[in-house]
Amino acid sequence: MKLQGKTLDKSIVLCRACDLAVSKRALPSGVRALCPRCHTALYDTPYCSINGMLALCLAAVFLYFPANLLPVLEIHFLGNIRNTTVIQGAIAVIDQGYWVVGIAVLLAAVVAPGLLLLSVLFQILIIKFGRRSVFLKTSLKQLLKRQNLVTQFTMLEIYMLGFLVSAFNLSDFSDIYFSVGSFCFTMLFVVTLFLQREYNLEHMWSFVDD
Ligand SMILES: [Zn+2]
C-alpha cells in the first residue's frame, strides 16, 4: 500500500472504534486480537495456513472436472429424458443466439474458477518448494498481481442460484433430478468458498518479500 510516495507500515493497525494505533503481531489460530483500550475486535488470523490451503485447493481441483463434465440436471418431460452438463448448457444458450449470456456463463462458471484454482495451486507450490528460484519467484509475483482480476470473474454462487431457480421453475411441468454433476458442483462451490476465505492476498505477498 502506498500513500503519497511513502510506504505505509503494514504492522500497525488502527482500532475502528477509538483510533488507537496497535502494532500487529502473529496470532495462534482461533485467537482474536482486541483493542487494549476499548476491547473492539481488531483482527483474527486463522488465515493462510499454507498446508490447509493446499488441501482445499487439491480437493477443489479433483471436484472441478466431474463438476464440469458430468451432467448436472436430468429432465424427464413426456417420456423424454435429457441430461445436461454446465458446458453443454452454456453452448445451448450460445446456439439460441444469446451468445453474451453463454460466454458469461462459460467465463464465470468454468474458465475463471479453473484459472483461480490453478493460480492458487501454483502459488502454494512455489511458496512451499520453489522460493529459491528467481524465475518461480517472478512467476509468483505475476500470479499475485492478477489474483484480484481472476477472483472477480469467479462467480460460482451466481451460477448456483440461477441453476437452482431454473430447476425449481421447471419442476412445475417436468420431473427434475439432480445428477452427480450437481453434487460435485455444489461441493466445488463450498470448497472454493472456504479456500477464498482462507486466502489472504496481503499475506501471500509477504512470502515474496522474504
Ligand atoms: Zn479501541
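Helix α3 bends by about 40° at Leu 107, so let's start there. This is a predicted model, and the protein in it is divided into domain 1 (2-44) and domain 2 (50-208). Beyond the bent helix, there's a zinc ion held by four cysteines and a nonpolar core of 39 residues to look at.

**Helix α3**

- The bend at Leu 107 comes to about 40°, and α3 itself runs over 99-129.
- How far apart are the end C-alpha atoms of α3? They sit 42 Å apart, which agrees with the 45 Å that its 31 residues should span at 1.5 Å a residue.
- Just past α3, the loop between α3 and α4 holds Ser 133.
- Ser 133 has a relative accessible area of 28%, so call it partly exposed.
- Going by C-alpha atoms, Ser 133 is separated from Ala 90 by 41 Å, with their positions 43 residues apart along the chain.

**The zinc site**

- Cys 15, Cys 18, Cys 35 and Cys 38 are the protein donors of the zinc ion, each through SG, and they lie 2.2 to 2.4 Å from the metal.
- The site is tetrahedral, with angles of 103 to 115° among the 4 donor atoms.
- Read along the sequence, the donors follow the spacing C-x2-C-x16-C-x2-C.
- Cys 15 belongs to the loop between β3 (12-14) and β4 (21-23), while Cys 35 belongs to the loop between β5 (32-34) and β6 (41-44), so this pair ties together parts that are 20 residues apart in sequence.
- Are Cys 15 and Cys 35 buried or exposed? Both are buried.

**Two positive phi values**

- Most residues other than glycine have a negative phi, which makes the next two worth a look.
- Asp 19 isn't a glycine, yet its phi is positive at about 65°.
- You'll find Asp 19 in the loop between β3 and β4, and its relative accessible area of 56% makes it exposed.
- His 39 isn't a glycine either, and its phi is also positive, near 65°.
- His 39 sits in the loop between β5 and β6, and it counts as exposed at 56% relative accessibility.

**Nonpolar cores**

- Which residues have the most contacts inside the largest nonpolar core? They are Phe 185, Leu 188 and Met 204, in a core of 39 residues.
- Helices α1 (50-69), α3 (99-129), α4 (134-153), α5 (156-170), α6 (180-198) and α7 (201-209) each put at least two residues into this core.
- The bent helix, α3, gives the most to it, with 9 residues.
- A second core is separate and has 7 residues, including Cys 15, Ala 33, Cys 35 and Tyr 43.
- Two members of that second core, Cys 15 and Cys 35, are also zinc donors.

**Domains and a long-range pair**

- The centres of domain 1 and domain 2, taken over C-alpha atoms, are separated by 34 Å.
- Thr 186 is part of helix α6, and at 31% relative accessibility it counts as partly exposed.
- What brings Thr 186 up here is its partner Ala 67: the two are 119 residues apart in sequence, but their C-alpha atoms are 8.2 Å apart in space.

How values were computed
Residues are numbered from 1 along each chain as its sequence is written. This is a predicted model: local features need pLDDT of at least 70, side-chain atom pairs count only at pLDDT 80 or more; totals for chains, interfaces and linings use all residues. Side-chain values use heavy atoms; hydrogens and water are left out. A nonpolar core is a set of buried Ala, Val, Leu, Ile, Met, Phe, Trp, Tyr and Cys residues joined through side-chain atoms within 4.5 Å. Buried means under 20% relative accessible area, exposed over 50%, partly exposed in between (1.4 Å probe, protein chains only). Helices (H or I, at least four residues) and strands (E, at least two) are DSSP runs, numbered from the N terminus. The expected span of a helix is 1.5 Å times one less than its number of residues. The bend at a residue is the angle between axes fitted to the seven residues ending there and the seven starting there. Donors are N, O and S atoms within 2.8 Å of the metal (3.2 Å for Na, K and Ca); water is not among the atoms, so sites may look incomplete. Four donors count as tetrahedral if all angles lie between 85 and 135 degrees; four count as square planar and six as octahedral if opposite donors are over 155 degrees apart and all others between 65 and 115; anything else is irregular. Domain bounds come from an automatic or database domain assignment.
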